[in-house]
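The exercises below ask the reader to work through a structure step by step, and each task is followed by its solution. Please look at the sequence and the model before reading on.

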Amino acid sequence: MRGKCSLKIIFVIVIIFYLIIFSHSNYAQSNKSEITITKKPTISVSSGIYFKPFKVKITASSPNSIIFYTINGHKPVYKNGNPKGKTKVYIKPIRIKESTILKYISVETGSAPSAVLTAKYTLKLKPPVFSLKSGIYHN
């Protein structure tokens, strides 16, 4: 019994020694894999109330990033770098001509995607004003 107990104690000591040595070594530090997260893109027009149509520019933080977006308030969906459903790949400024919820995300190969960001635009467009001269009109 003592022989088996001594072997167990020696085994535990060896494991503890191994863990202490390798957890503090340069080998262990250099082989840790780090997950990088794609930096958030920025937009040229912040959320708010506007009185005429405008364009929104989305800028990626890296030239290797792809920006996906939706203008229907749903989260952008993509797979293998391709947009799904109503999701679009950002190429040029987005024209906002009615109240819109813009959701956008930046994705880069080898990194986790950025957070999904949201901009809410409320457009209060003035109705057109018609001015007619007084008089009688015929079809």
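Helices (H or I, at least four residues) and strands (E, at least two) are taken as DSSP runs and numbered from the N terminus. The model is predicted, so that local features need pLDDT of at least 70 and side-chain atom pairs count only at pLDDT 80 or more, while totals for chains, interfaces and linings use all residues. Residues are numbered from 1 along each chain as its sequence is written, and side-chain values use heavy atoms, with hydrogens and water left out.

**Exercise 1. State the order of the elements along the protein chain and the share of its residues that is buried.**

Solution. The protein chain has two helices and eleven strands, and from the N terminus on these run α-α-β-β-β-β-β-β-β-β-β-β-β. For burial, a residue counts as buried under 20% relative accessible area, as exposed over 50% and as partly exposed in between (1.4 Å probe, protein chains only). With these limits, buried residues make up 21% of the 139 residues in the protein chain.

**Exercise 2. Trace the open sheet of five strands and find its edge strands.**

Solution. Two strands pair if DSSP finds at least two bridges between them. The order of the open sheet is β2-β11-β10-β5-β8, with mixed pairing. Its edge strands are β2 (48–50) and β8, each of which pairs on one side only.

Next, consider β10 (residues 100–107), which is largely enclosed by the rest of the structure because six of its eight residues are buried. Five bridges join β10 to β5 (residues 66–70), and these two strands run antiparallel; here Tyr69 has Tyr104 as its bridge partner in β10. Strand β10 is also joined by five bridges to β11 (residues 117–123), again in an antiparallel arrangement, and Leu102 stands opposite Ala119 in β11.

Finally, β5 and β8 run antiparallel and are joined by two bridges, with Phe68 opposite Val89 in β8.

**Exercise 3. Describe where Val89 lies and which surface patch it belongs to.**

Solution. Val89 is found in strand β8 (residues 88–89), and it counts as partly exposed because its relative accessibility is 32%. Together with Ile66 and Ile91, Val89 forms a nonpolar patch on the surface, and the three have about 270 Å² of accessible area together. Accessible areas come from the Shrake-Rupley method with a 1.4 Å probe, and for residues only the protein chains shown count as cover. Patches are made of residues with over 30% relative accessible area and no salt bridge (a side-chain nitrogen of Lys or Arg within 4 Å of a carboxyl oxygen of Asp or Glu); like charges are joined within 9 Å, and nonpolar side chains (Val, Leu, Ile, Met, Phe, Trp, Tyr) within 5 Å.

**Exercise 4. Compare the surroundings of Thr87 and Asn80: which is buried and which is exposed?**

Solution. Thr87 lies in the loop between β7 (82–83) and β8 and is buried, with a relative accessible area of 7%. The side chain of Thr87 reaches the backbone nitrogen of Val77 at 2.7 Å.

Asn80, in turn, lies in the loop between β6 (78–79) and β7, and counts as exposed because its relative accessibility is 71%. Most residues other than glycine have a negative phi. Asn80, although it is not a glycine, has a positive phi of about 55°.

Terms used
Polar contact = N/O pair within 3.5 Å; in protein donor to acceptor, adjacent residues only side chain to side chain.
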